[in-house]
Amino acid sequence: MISFSVNFKYTSLIDLIYVRSECRMFTIIIPTHNRPKTLLMALESVKKIIDPSIDEVIVVDDGSSIHARVIVPQELFTELRLRIIRRHKSGGPAAARNTAIVQVTSDYIIFLDDVVVFSDDFLVQLKTILQTYPEVRAIQANCLDPYKDNVCNKIWLIALQMHIHSCPIYAGDIRHVKVLGNAYVVKKTVFDEIGLFNEILITGEDRELVSRMYAHHIPVFYFPQLNVYHYSRTTNFQVIKQFYANGKGHYLLKGDEPRMPRKTGQRKNMFIRNYFVLGIQEGLSVKSITYTLLSRQLGMRAGIFSMK
């Protein structure tokens with residue numbers, strides 16, 4: 001006679017149902033374009049957190065000069081349940097993400113930029129958040145700077161933190177934010193309700209999506225414990241290029257997006273002052289902060305002007 005012993009480690013039926021439903025709960029989408037080194041770093045960070053709750057990892061190669069399949073080690077395809085979709089012509093991040101979204105069958109999509117790396121406890125934290133706050137349908141991760149000496153990267157992330165901490169508090173350190181970028185999570189049903197990313201936009205597509213989400217009463221939540229690292233050694237020239245594209249996106253969005261109040265007078269002075277205060281706290285010089293702020297303004301204004 002054969003006997004079986006079962007060790008029930010679940011404290012309630014709800015816990016048991018939740019654990020069983022975890023299988024194939026997430027799909028990770030990574031759009032990439034000519035960033036082989038950081039793409040591999042991103043995939044290695046996925047390898048550290050992979051478990052049965054991740055249905056698959058989809059890398060969308062958006063017309064890179066070298067096919068991502070050549071760069072990625074063969075063993076990662078099996079270990080990560082990895083699939084690479086090749087777009088022969090670059091259409092920008094919106095088109096790349098949409099290419100993968102329509103093929104997703106899991107409940108949640110984790111979007112990861114190809115210069116961003118997961119923290120080791122990212123998935124554990126994410127599951128805890130979703131179990132504690134089941135009403136949440138969109139989450140912005142907390143993006144940290146792994147470098148100590150890259151001025152532009154620090155200021156880039158300072159700008160993100162300034163926005164986040166100006167947004168209303170939901171509970172404790174949790175905030176409602178109007179930004180999605182670097183790494184974020186969206187429930188698949190959101191795209192069924194409001195549509196996909198706007199492919200007309202080469203940049204600013206995340207802002208436009210957030211605008212539609214709030215119009216449909218779908219808030220974005222920021223959880224500071226959900227950490228990722230931004231591995232991009234940004235230069236002032238890259239800042240100009242990025243904000244040139246942002247300026248073009250801003251011009252295209254003006255007719256579709258609710259107008260935000262302009263930063264004029266006292267509000268604008270406070271914005272600039274906070275930049276300098278936070279930058280100096282991070283050990284940056286006044287000169288380097290000034291150069292980066294001027295690069296942002298130059299790029300943004302040039303982008304807007306080019307569309308007129």
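## Exercises on a predicted fold

Setting aside residues up to four places away in sequence, D145 touches N153, K154 and L157, where contact means heavy atoms within 4.5 Å. This is a predicted model, in which local features need pLDDT of at least 70, side-chain atom pairs count only at pLDDT 80 or more, and totals for chains, interfaces and linings use all residues. Residues are numbered from 1 along each chain as its sequence is written, and side-chain values use heavy atoms, with hydrogens and water left out.

**Exercise 1.** Find where D145 is located and which backbone atom its side chain reaches.

*Solution.* Start with the secondary structure: helices (H or I, at least four residues) and strands (E, at least two) are DSSP runs, numbered from the N terminus. On that numbering, D145 lies in the loop between β6 (138-144) and α7 (151-164). Next, look for polar contacts, meaning pairs of N or O atoms within 3.5 Å; within protein, one must be able to donate a hydrogen and the other to accept it, and residues adjacent in sequence count only if both atoms are side-chain atoms. The D145 side chain reaches the backbone nitrogen of Y147 at 3.0 Å.

**Exercise 2.** Describe the surroundings of R175, and decide whether R175 is buried or exposed.

*Solution.* First, place the residue: R175 sits in strand β8 (residues 174-177). Second, classify it: buried means under 20% relative accessible area, exposed over 50%, and partly exposed in between (1.4 Å probe, protein chains only). R175 has 15% relative accessibility, so it counts as buried. Third, list partners: leaving aside neighbours within four places in sequence, R175 contacts residues including I164, H165, Y170, V220 and Y222. Finally, the R175 side chain reaches the backbone oxygen of C167 at 2.6 Å. C167 is itself buried, at 9% relative accessibility.

**Exercise 3.** Identify which residues touch the most other members of the largest nonpolar core.

*Solution.* A nonpolar core is a set of buried Ala, Val, Leu, Ile, Met, Phe, Trp, Tyr and Cys residues joined through side-chain atoms within 4.5 Å. The largest one has 72 residues, and L43, L82 and L126 touch the most other members. Strand β10 (residues 220-230) gives the most to this core, with six residues. Zooming in on L126, its contacts beyond four places in sequence are F26, I110, I139, V185 and L226. There is also a second, separate core of eight residues, with I155, M162, I289 and L293 among them. As background, nonpolar side chains tend to be buried together in soluble globular proteins.

**Exercise 4.** Compare N34 and R81 by their backbone phi and their exposure.

*Solution.* Take phi first: it is near 55 degrees in N34, a positive value in a residue other than glycine. For R81, phi is near 50 degrees, again positive in a residue other than glycine. Now the locations: N34 is in the loop between β1 (26-32) and α2 (36-49), and R81 is in the loop between α4 (74-79) and β3 (82-87). As for exposure, N34 is partly exposed at 40% relative accessibility, and R81 is partly exposed at 33%.

**Exercise 5.** Work out where the pLDDT is below 50.

*Solution.* Begin with the whole chain: pLDDT is the predictor's confidence in each residue, from 0 to 100. Its mean is 84, and 86% of the residues reach 70 or more. The value is below 50 over residues 13-20, a stretch with eight contacts beyond near neighbours in sequence. Residues 255-265 are also below 50, and this stretch too has eight such contacts. Where pLDDT is low, the predicted coordinates should not be read in detail.
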